[in-house]
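Colleague: Before I rely on the labels attached to this model, I should like to hear the reasoning behind them. May we go through the aromatic pairs and the cysteines?

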Amino acid sequence: MVNRKKNMKRGRRKTCSHEFFKGIPKDLLTEVLARVASTSFSDLFTAKLSCKEFLEAASENYILEHITIEKFPVIPWRISHGASSFLDRCKENGNPEALFRQGMVEFFSSKKPESGFQHLKNAAIKGHAEAKYICGIILVCHGGQSKQEGIELLSSLKNCRSRHRSVKECRNRIKGILQSMWIDKSEAGNGPEEPKNHGRTCNCSKFTNRGWIEEEEYTTCDYCVWDHEATLFCKILRARGFGIS
(Lines give C-alpha, C1' and ligand atoms only; values in the text may rest on other atoms or scores of the structure.)
Protein backbone atom coordinates (compact mmCIF):
# COMPACT_ATOMS: atom_id res chain seq x y z
CA MET A 1 0.00 0.00 0.00
CA VAL A 2 2.81 2.39 0.94
CA ASN A 3 4.71 1.59 -2.27
CA ARG A 4 1.56 2.17 -4.29
CA LYS A 5 1.12 5.63 -2.77
CA LYS A 6 4.77 6.46 -3.51
CA ASN A 7 4.35 5.38 -7.14
CA MET A 8 1.19 7.48 -7.44
CA LYS A 9 3.07 10.53 -6.11
CA ARG A 10 5.91 9.96 -8.56
CA GLY A 11 3.41 9.71 -11.39
CA ARG A 12 1.77 12.99 -10.37
CA ARG A 13 5.16 14.73 -10.21
CA LYS A 14 6.10 13.51 -13.71
CA THR A 15 2.73 14.60 -15.07
CA CYS A 16 3.06 18.05 -13.48
CA SER A 17 6.58 18.43 -14.86
CA HIS A 18 5.46 17.36 -18.31
CA GLU A 19 2.50 19.74 -18.26
CA PHE A 20 4.76 22.60 -17.15
CA PHE A 21 7.11 22.23 -20.12
CA LYS A 22 4.15 21.70 -22.44
CA GLY A 23 3.03 25.26 -21.77
CA ILE A 24 6.41 26.84 -22.65
CA PRO A 25 6.87 28.11 -26.24
CA LYS A 26 9.15 25.87 -28.30
CA ASP A 27 11.41 28.80 -29.23
CA LEU A 28 12.11 29.41 -25.55
CA LEU A 29 12.83 25.73 -24.92
CA THR A 30 15.20 25.71 -27.89
CA GLU A 31 17.04 28.78 -26.56
CA VAL A 32 17.39 27.16 -23.13
CA LEU A 33 18.74 23.97 -24.68
CA ALA A 34 21.15 25.92 -26.87
CA ARG A 35 22.63 27.53 -23.76
CA VAL A 36 22.93 24.13 -22.10
CA ALA A 37 24.48 22.65 -25.27
CA SER A 38 27.04 25.46 -25.51
CA THR A 39 28.59 24.41 -22.19
CA SER A 40 28.00 20.66 -21.91
CA PHE A 41 27.27 17.95 -24.46
CA SER A 42 26.38 15.45 -21.71
CA ASP A 43 23.94 17.87 -20.03
CA LEU A 44 22.13 18.30 -23.35
CA PHE A 45 21.82 14.52 -23.64
CA THR A 46 20.38 14.35 -20.10
CA ALA A 47 17.90 17.14 -20.87
CA LYS A 48 16.72 15.31 -23.99
CA LEU A 49 15.82 12.30 -21.85
CA SER A 50 13.88 14.34 -19.31
CA CYS A 51 10.75 15.04 -21.37
CA LYS A 52 9.24 14.86 -24.84
CA GLU A 53 9.30 18.64 -25.29
CA PHE A 54 13.07 18.87 -24.74
CA LEU A 55 13.63 15.88 -27.02
CA GLU A 56 11.74 17.61 -29.84
CA ALA A 57 13.40 20.99 -29.26
CA ALA A 58 16.85 19.36 -29.27
CA SER A 59 16.39 18.34 -32.91
CA GLU A 60 16.44 21.98 -34.04
CA ASN A 61 19.38 23.09 -36.21
CA TYR A 62 19.86 26.04 -33.86
CA ILE A 63 21.14 23.60 -31.22
CA LEU A 64 23.80 22.27 -33.61
CA GLU A 65 24.96 25.83 -34.26
CA HIS A 66 25.66 26.41 -30.57
CA ILE A 67 26.59 22.99 -29.19
CA THR A 68 30.08 22.52 -27.77
CA ILE A 69 32.23 19.97 -29.59
CA GLU A 70 35.33 20.37 -27.42
CA LYS A 71 35.21 16.70 -26.35
CA PHE A 72 35.74 15.62 -29.96
CA PRO A 73 39.33 15.60 -31.25
CA VAL A 74 40.24 18.58 -33.43
CA ILE A 75 41.97 16.26 -35.88
CA PRO A 76 39.71 13.17 -35.95
CA TRP A 77 42.16 10.46 -37.04
CA ARG A 78 39.81 7.73 -35.83
CA ILE A 79 36.15 8.59 -35.43
CA SER A 80 32.89 6.68 -35.83
CA HIS A 81 30.55 7.32 -38.74
CA GLY A 82 27.93 8.66 -36.33
CA ALA A 83 30.35 11.15 -34.76
CA SER A 84 31.62 12.22 -38.19
CA SER A 85 28.06 12.79 -39.39
CA PHE A 86 27.28 14.80 -36.25
CA LEU A 87 30.32 17.06 -36.74
CA ASP A 88 29.40 17.58 -40.41
CA ARG A 89 25.91 18.68 -39.37
CA CYS A 90 27.42 21.11 -36.86
CA LYS A 91 29.56 22.61 -39.63
CA GLU A 92 26.62 22.83 -42.03
CA ASN A 93 24.63 24.72 -39.39
CA GLY A 94 27.37 27.26 -38.79
CA ASN A 95 28.82 25.99 -35.52
CA PRO A 96 31.80 28.36 -34.92
CA GLU A 97 34.15 25.70 -33.54
CA ALA A 98 33.33 23.31 -36.40
CA LEU A 99 33.95 26.09 -38.95
CA PHE A 100 37.23 26.97 -37.24
CA ARG A 101 38.48 23.38 -37.33
CA GLN A 102 37.53 22.93 -40.97
CA GLY A 103 39.22 26.20 -41.85
CA MET A 104 42.45 25.22 -40.07
CA VAL A 105 42.66 21.90 -41.92
CA GLU A 106 41.86 23.39 -45.33
CA PHE A 107 44.13 26.43 -45.00
CA PHE A 108 47.17 24.73 -43.51
CA SER A 109 46.97 21.11 -44.65
CA SER A 110 44.65 20.56 -47.62
CA LYS A 111 45.92 23.21 -50.04
CA LYS A 112 42.55 25.01 -50.00
CA PRO A 113 43.52 28.45 -48.68
CA GLU A 114 40.53 30.32 -50.12
CA SER A 115 37.80 28.07 -48.69
CA GLY A 116 39.85 27.51 -45.54
CA PHE A 117 40.13 31.23 -44.89
CA GLN A 118 36.41 31.69 -45.57
CA HIS A 119 35.57 29.08 -42.91
CA LEU A 120 37.93 30.82 -40.47
CA LYS A 121 36.42 34.21 -41.28
CA ASN A 122 32.87 32.91 -40.78
CA ALA A 123 33.88 31.52 -37.38
CA ALA A 124 35.52 34.83 -36.47
CA ILE A 125 32.37 36.75 -37.40
CA LYS A 126 30.49 34.53 -34.93
CA GLY A 127 32.95 35.57 -32.20
CA HIS A 128 35.26 32.53 -32.14
CA ALA A 129 38.42 33.77 -30.40
CA GLU A 130 41.01 31.48 -32.04
CA ALA A 131 39.47 32.13 -35.47
CA LYS A 132 39.83 35.87 -34.86
CA TYR A 133 43.48 35.36 -33.92
CA ILE A 134 44.50 33.30 -36.94
CA CYS A 135 42.45 35.43 -39.36
CA GLY A 136 44.11 38.51 -37.90
CA ILE A 137 47.60 37.02 -38.36
CA ILE A 138 46.85 36.03 -41.97
CA LEU A 139 45.45 39.48 -42.81
CA VAL A 140 48.36 41.31 -41.18
CA CYS A 141 50.75 39.21 -43.27
CA HIS A 142 48.74 39.89 -46.41
CA GLY A 143 49.35 43.64 -46.05
CA GLY A 144 47.58 46.57 -47.69
CA GLN A 145 44.01 47.28 -46.59
CA SER A 146 43.75 43.72 -45.28
CA LYS A 147 46.41 44.53 -42.71
CA GLN A 148 44.21 47.14 -41.03
CA GLU A 149 41.38 44.62 -40.83
CA GLY A 150 43.76 42.09 -39.27
CA ILE A 151 44.99 44.57 -36.69
CA GLU A 152 41.40 45.39 -35.72
CA LEU A 153 40.60 41.68 -35.31
CA LEU A 154 43.64 41.05 -33.12
CA SER A 155 43.03 44.22 -31.10
CA SER A 156 39.45 43.06 -30.44
CA LEU A 157 40.93 40.06 -28.59
CA LYS A 158 43.09 42.37 -26.53
CA ASN A 159 40.15 44.64 -25.69
CA CYS A 160 37.76 41.80 -24.75
CA ARG A 161 40.13 39.37 -23.04
CA SER A 162 37.96 39.32 -19.89
CA ARG A 163 35.19 37.57 -21.84
CA HIS A 164 37.26 35.52 -24.30
CA ARG A 165 40.48 33.58 -24.35
CA SER A 166 43.59 35.69 -24.01
CA VAL A 167 45.86 36.22 -27.01
CA LYS A 168 48.39 33.84 -25.45
CA GLU A 169 45.73 31.14 -24.98
CA CYS A 170 44.60 31.53 -28.60
CA ARG A 171 48.18 31.33 -29.86
CA ASN A 172 48.99 28.25 -27.77
CA ARG A 173 45.84 26.39 -28.79
CA ILE A 174 46.53 27.03 -32.47
CA LYS A 175 50.13 25.89 -32.01
CA GLY A 176 48.82 22.66 -30.51
CA ILE A 177 46.41 22.12 -33.40
CA LEU A 178 49.13 22.70 -35.99
CA GLN A 179 51.45 20.36 -34.11
CA SER A 180 48.86 17.55 -34.23
CA MET A 181 48.11 18.15 -37.89
CA TRP A 182 49.70 15.94 -40.53
CA ILE A 183 51.43 18.13 -43.08
CA ASP A 184 52.41 16.91 -46.53
CA LYS A 185 54.90 19.57 -47.61
CA SER A 186 54.30 18.75 -51.26
CA GLU A 187 50.57 19.37 -50.81
CA ALA A 188 50.42 22.13 -48.22
CA GLY A 189 50.15 25.72 -49.35
CA ASN A 190 52.78 28.35 -48.69
CA GLY A 191 50.87 29.89 -45.80
CA PRO A 192 51.09 33.53 -44.77
CA GLU A 193 54.26 35.49 -45.53
CA GLU A 194 55.98 37.45 -42.80
CA PRO A 195 54.61 41.02 -42.64
CA LYS A 196 56.55 43.93 -44.06
CA ASN A 197 57.40 46.92 -41.88
CA HIS A 198 54.34 49.14 -41.48
CA GLY A 199 56.38 52.24 -42.35
CA ARG A 200 55.10 54.36 -39.46
CA THR A 201 57.26 56.44 -37.17
CA CYS A 202 57.02 55.22 -33.57
CA ASN A 203 59.11 54.33 -30.52
CA CYS A 204 58.60 50.56 -30.54
CA SER A 205 62.10 49.47 -31.56
CA LYS A 206 62.29 47.53 -28.25
CA PHE A 207 60.32 44.72 -29.96
CA THR A 208 63.19 43.96 -32.35
CA ASN A 209 64.88 40.58 -31.84
CA ARG A 210 62.87 39.46 -28.82
CA GLY A 211 60.23 36.89 -27.98
CA TRP A 212 56.48 37.04 -27.55
CA ILE A 213 55.13 40.26 -26.12
CA GLU A 214 53.35 40.01 -22.78
CA GLU A 215 49.76 41.27 -22.78
CA GLU A 216 50.50 44.10 -20.36
CA GLU A 217 52.71 45.56 -23.11
CA TYR A 218 49.85 45.74 -25.63
CA THR A 219 49.25 49.38 -24.70
CA THR A 220 51.87 50.45 -27.24
CA CYS A 221 51.52 50.87 -31.05
CA ASP A 222 49.09 48.26 -32.42
CA TYR A 223 50.94 48.10 -35.74
CA CYS A 224 54.24 47.18 -34.06
CA VAL A 225 52.64 44.74 -31.61
CA TRP A 226 50.80 42.74 -34.28
CA ASP A 227 53.63 42.94 -36.84
CA HIS A 228 55.85 41.38 -34.19
CA GLU A 229 53.23 38.75 -33.28
CA ALA A 230 52.68 37.81 -36.93
CA THR A 231 56.42 37.65 -37.66
CA LEU A 232 57.08 35.25 -34.79
CA PHE A 233 54.07 33.13 -35.67
CA CYS A 234 55.23 32.83 -39.30
CA LYS A 235 58.66 31.71 -38.13
CA ILE A 236 57.00 28.95 -36.14
CA LEU A 237 55.03 27.88 -39.20
CA ARG A 238 58.17 27.78 -41.30
CA ALA A 239 60.11 25.70 -38.75
CA ARG A 240 58.54 22.40 -39.77
CA GLY A 241 56.27 23.08 -42.71
CA PHE A 242 53.48 24.54 -40.52
CA GLY A 243 54.48 22.32 -37.60
CA ILE A 244 55.80 23.58 -34.30
CA SER A 245 59.48 23.45 -33.58
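Modeller: The discussion below takes the aromatic rings and then the cysteines of this predicted model.

Colleague: Why is the pair of Phe-41 and Phe-72 called edge-to-face?

Modeller: The ring centres of Phe-41 and Phe-72 are 5.9 Å apart, and the planes meet at 85°. Centres within 6.5 Å make a pair, and planes over 60 degrees apart make that pair edge-to-face, so both conditions are met. Phe-41 lies in helix α3 and Phe-72 in the loop between α5 and α6, 31 residues apart. Phe-41, Phe-72 and Phe-86 form one aromatic cluster.

Colleague: What makes Phe-72 buried? Why is Phe-41 called partly exposed?

Modeller: Buried requires a relative accessibility under 20%, and Phe-72 has 18%, so Phe-72 is buried. Phe-41 has 33%, which falls between 20% and 50%, so Phe-41 is partly exposed.

Colleague: Why is the pair of Tyr-133 and Phe-233 called edge-to-face?

Modeller: The planes stand at 70°, over the cut-off of 60 degrees, and the centres are 5.7 Å apart, within 6.5 Å; the pair is therefore edge-to-face. Tyr-133 belongs to helix α9 and Phe-233 to helix α12, so the pair ties together parts 100 residues apart in sequence. Tyr-133 and Phe-233 are both buried.

Colleague: How do you know that Cys-141 is in no disulfide?

Modeller: The nearest cysteine sulfur, that of Cys-234, is 3.4 Å away. A disulfide requires sulfur atoms within 2.5 Å, so Cys-141 is in none. The count for the model is zero disulfides.

Colleague: Why is Cys-141 called buried?

Modeller: Its relative accessibility is 10%, under the cut-off of 20%, so Cys-141 counts as buried.

Technical notes:
Residues numbered from 1 in each chain as written. Predicted model: local features only at pLDDT ≥ 70, side-chain atom pairs only at ≥ 80, totals over all residues. Heavy atoms only, no water. Phe/Tyr/Trp six-rings, centres within 6.5 Å; stacked < 30°, edge-to-face > 60°. Helix = DSSP H or I, 4+ residues; strand = E, 2+ residues; numbered from the N terminus. Buried < 20%, exposed > 50% of the residue type's maximum accessible area, 1.4 Å probe, protein only.
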